[in-house]
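Please look through the sequence and the structure below. The paragraphs that follow go through the sheets, the helices and one serine.

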Amino acid sequence: MKLPIINFSDLKHQTETWESAKTQVRQALEEFGCFEATFDQIPLHLRKSVIQETKQIFDLPLQIKLRNRSNKPYHGYVGQYAMVPLYESLGVDDALSPGKLDTFTNLMWPQGNPSFSKSVESYSEQLSELDKIVRRMVVESLGLEKYMDDHLDSTNYLVRVQKYDKPQSNETELGLTSHTDKNIVTILYQNEINGLEVQTRDGHWITAQPSLNSFVVMIGDAFHAWTNGRLHSPFHRVMMAGDEARYSIGLFSIPKPGYIVKAPREMVDEENPLLFKAFDHHQFLDFYYTKEGQSSPAALKAYCGV
């Protein structure tokens with residue numbers, strides 16, 4: 001079993017190819033909660049450049065990387081965790097706001113590193129268009145066009161660069177524990193080292209095998225709630241094997257501070273009763289990182305389930 005592959009290259013709105021891709025997106029997100037996307041609007045040389053820039057940042061001394069602080073969990077530097085010793089990452093919150101990536105770059109390289117900020121900014125801006133296309137297709141397929149502008153304007157973007165070190169033994173080792181994402185949409189790009197596994201609805205694990213020409217698009221809990229469960233938010237993990245590190249860069253669309261996630265009334269009927277009360281996404285994150293939230297197999301349901 002493999003993730004569906006959907007072509008987003010040269011799509012034009014309200015054409016036959018758009019409608020075909022929209023149907024595929026809806027089916028993939030209902031069944032798997034994710035899919036593999038081809039999106040040629042980002043040239044290959046820029047994608048390769050971003051991976052090289054990602055590798056470069058992890059070569060910095062730990063005391064430099066620790067400068068990447070945030071009062072939001074998993075938004076700053078993450079590493080040195082006994083449970084997942086192979087995992088390390090850094091984040092840039094609201095990354096597409098003017099100056100945010102420059103500020104992060106100057107924090108890591110006080111002497112300057114314009115190639116990093118320019119490459120990552122150009123890449124992220126172009127990839128955010130894929131995020132908007134996917135969300136537009138979902139909203140259209142659900143017949144919720146009147147909510148389109150509000151939905152598309154409701155998010156900021158977090159950029160995370162991530163490294164999974166090679167295992168210390170010949171055995172496969174856990175790179176990142178099983179979890180669901182908590183945001184709207186996640187788009188991942190990686191080097192040619194696989195490791196991402198996605199759990200199907202019936203509990204089987206399948207390995208995502210994207211190439212340098214494709215991205216993995218995944219639904220988070222916030223979009224699952226907004227669609228009143230129509231879209232599946234899948235559990236996923238990273239399992240590392242072999243003798244090379246895995247590098248990836250993730251673009252996460254996240255509800256803006258103060259935005260209330262609430263399923264449109266059209267999503268609720270006798271066959272589809274309301275699953276979650278309206279909630280503030282950032283308050284939900286605060287709960288998720290408590291002892292109760294971390295121990296719950298379904299944190300969103302524990303926090304605001306009906």
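How many bridges join strand β5 to β10? Four bridges join β5 (residues 173-179) to β10, and the two strands run antiparallel. Strands here are DSSP runs of E with at least two residues, helices are runs of H or I with at least four, and both are numbered from the N terminus. Two strands are called paired if DSSP finds at least two bridges between them.

This is a predicted model, in which local features need pLDDT of at least 70 and side-chain atom pairs count only at pLDDT 80 or more, while totals for chains, interfaces and linings use all residues. Residues are numbered from 1 along each chain as its sequence is written, and side-chain values use heavy atoms, with hydrogens and water left out.

Strand β10 belongs to an open sheet of four strands with the order β5-β10-β7-β8 and antiparallel pairing. The edge strands are β5 and β8 (205-207), each of which pairs on one side only. From one strand to the next the twist averages 25°; angles run from 0 to 180 degrees between N-to-C directions, and axes are lines fitted to C-alpha atoms, for helices over the stretch in contact. On the β5 side, His179 stands opposite His236 of β10. Strand β7 (residues 196-199) pairs with β10 in the antiparallel sense over three bridges. In that pairing Leu196 stands opposite Val238, and Val198 stands opposite His236.

The side chains of β10 (residues 236-240) alternate along the strand. His236, Val238 and Met240 point to one face and are buried, whereas Arg237 and Met239 point to the other and are not. Buried means under 20% relative accessible area, exposed means over 50%, and partly exposed lies in between (1.4 Å probe, protein chains only).

A second topic is the sheet of seven strands, which is open, has mixed pairing and follows the order β1-β2-β9-β6-β11-β4-β3. Its edge strands, β1 (5-7) and β3 (87-92), each pair on one side only. Neighbouring strands of this sheet are turned by 25° against each other on average, direction ignored. Within the sheet, β4 (residues 155-164) and β11 (residues 246-255) run antiparallel and are joined by ten bridges. Gln162 has Ser248 in β11 as its bridge partner.

Helix α1 (residues 16-31) lies across β1, β2 (34-38) and β9 (214-219), and runs at about 155° to β1. The axes of α1 and α5 (residues 114-141) come within 9 Å and cross at roughly 85°. The two helices are therefore roughly perpendicular to each other; this label covers 65 to 115 degrees, with under 35 roughly parallel, over 145 roughly antiparallel and the rest oblique. Residues in contact (heavy atoms within 4.5 Å) include Trp18 and Leu29 of α1 and Ile133 and Met137 of α5. By class, the contact has eight nonpolar, one polar and four charged residues. Ala, Val, Leu, Ile, Met, Phe, Trp, Tyr, Cys and Pro count as nonpolar, Asp, Glu, Lys and Arg as charged, and the others, Gly among them, as polar.

Helix α5 also holds Ser128. Ser128 is buried, with a relative accessible area of 3%. Its side chain reaches the backbone oxygen of Glu125 at 2.6 Å. Leaving aside neighbours within four places in sequence, Ser128 is in contact with Leu96, Tyr157 and Leu251.

Notes
A polar contact is a pair of N or O atoms within 3.5 Å; within protein, one must be able to donate a hydrogen and the other to accept it, and residues adjacent in sequence count only if both atoms are side-chain atoms.
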